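Student: Could you pick one part of this model and take me through it up close? I'd like to follow the reasoning step by step, and then see how that part fits with the rest.

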Amino acid sequence: MTLNARPNASSLKNRQPRNGVRRASANLSSGEFSGCKTETLTYRAAFARKWSQFIQENFDGPQQVAKAFHVDSSTAENWWAGRNAPQGWVIGRAACMPRLRWPVVQMMMEDEQ
């Protein structure tokens with residue numbers, strides 16, 4: 001392979017990384033973790049409800065949520081209704097807001113108690 005040539009998928013799959021550690025996804029078949037899919041989907045649905053409750057307790061409405069997290073109004077409305085949950089960056093952003101820092105920690109610890 002020349003320096004400027006783009007590697008093909010098969011050469012990347014079989015290549016050993018420089019530090020000797022392979023990424024976990026490099027050798028996984030598509031069905032290796034399929035047993036966890038139901039558990040993951042259940043958690044995602046439960047987290048959507050948990051996030052909905054959290055924002056309803058800490059904001060006046062979807063418009064305030066959209067402004068606080070810099071998302072469009074339909075995203076904020078979906079969170080408010082519990083139809084979906086945010087990605088991790090939103091949780092991180094909430095944890096960086098002084099008035100939400102402790103409520104975020106409490107929300108995330110609810111399952112641990």
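Tutor: Let's start with a cut-off we'll keep coming back to: a residue counts as buried when its relative accessible area is under 20%, as exposed when that area is over 50%, and as partly exposed in between. Also keep in mind that this is a predicted model.

Our close-up is Lys50, which sits in helix α2. Its relative accessibility is 11%, and 11% is under the 20% cut-off, so Lys50 counts as buried. What does the side chain of Lys50 have beside it? A polar atom of that side chain lies 3.3 Å from the backbone oxygen of Met107.

To see how Lys50 and Met107 end up together, look at the two helices involved. Helix α6 covers residues 101-109, and its axis comes within 11 Å of the axis of α2, with a crossing of roughly 150 degrees. An angle over 145 degrees counts as roughly antiparallel, so that is the label for α2 and α6. The crossing of α2 past α6 is right-handed. On the α2 side, the contact is made by Tyr43, Phe47, Lys50, Trp51, Phe54 and Asn58, and on the α6 side by Pro103, Val104, Met107 and Met108. Sort those residues by type and you get eight nonpolar, one polar and one charged. Lys is one of the residue types that count as charged, so Lys50 is the charged one here.

Who's the polar one? Asn is not on the nonpolar or charged lists, so the polar residue of this contact is Asn58. Asn58 belongs to helix α2, which runs over residues 37-58. Its relative accessible area is 18%, under the 20% cut-off, so Asn58 is buried too. The side chain of Asn58 also has a backbone oxygen beside it: a polar atom of that side chain lies 2.8 Å from the oxygen of Phe54. Leaving out residues up to four places away in sequence, Asn58 touches Arg99, Leu100 and Pro103.

Now let's bring in a residue from another helix. Ile91 is in helix α5, which spans residues 88-96. Its relative accessibility is 15%, again under 20%, so Ile91 counts as buried. Setting aside neighbours within four places in sequence, Ile91 is in contact with Phe47, Trp51, Pro86 and Val104. You've met some of those names already: Phe47 and Trp51 of α2 and Val104 of α6 are among the residues that make the α2 and α6 contact. Ile91 is also ten residues from Arg101 in sequence, and their C-alpha atoms are 9.8 Å apart.

For a contrast, step over to another pair of helices. Helix α3 (residues 62-69) and helix α4 (residues 73-81) pack at about 120 degrees, and their axes are 8 Å apart. That angle is outside the 65 to 115 range for roughly perpendicular and is not over 145, so α3 is oblique to α4. The contact is made by Pro62, Val65, Ala66 and Phe69 of α3, together with Ser73, Ala76, Glu77, Trp79 and Trp80 of α4. By type, these come to seven nonpolar, one polar and one charged. As with the other pair, α3 passes α4 in a right-handed crossing.

His70 is in the loop between α3 and α4. With a relative accessibility of 60%, over the 50% cut-off, His70 counts as exposed. Its phi is near 55 degrees, a positive value in a residue that isn't glycine. That's worth a second look because most residues other than glycine have a negative phi.

Just past the loop, Ser74 is in helix α4. At 38% relative accessibility, Ser74 is between the two cut-offs, so the label is partly exposed. The side chains of Ser74 and Asp72 are joined by a polar contact of 3.0 Å.

Finally, zoom out. The chain has six helices and zero strands. Of its 113 residues, 24% count as buried, and Lys50, our starting point, is one of the buried ones.

Notes:
Residues are numbered from 1 along each chain as its sequence is written. This is a predicted model: local features need pLDDT of at least 70, side-chain atom pairs count only at pLDDT 80 or more; totals for chains, interfaces and linings use all residues. Side-chain values use heavy atoms; hydrogens and water are left out. Axes are lines fitted to C-alpha atoms, for helices over the stretch in contact, and angles run from 0 to 180 degrees between N-to-C directions. Helices (H or I, at least four residues) and strands (E, at least two) are DSSP runs, numbered from the N terminus. Angles under 35 degrees count as roughly parallel, over 145 as roughly antiparallel, 65 to 115 as roughly perpendicular and the rest as oblique. A crossing is left-handed if the near helix is turned anticlockwise from the far one by less than a right angle, and right-handed if clockwise. Contact means heavy atoms within 4.5 Å. Buried means under 20% relative accessible area, exposed over 50%, partly exposed in between (1.4 Å probe, protein chains only). A polar contact is a pair of N or O atoms within 3.5 Å; within protein, one must be able to donate a hydrogen and the other to accept it, and residues adjacent in sequence count only if both atoms are side-chain atoms.
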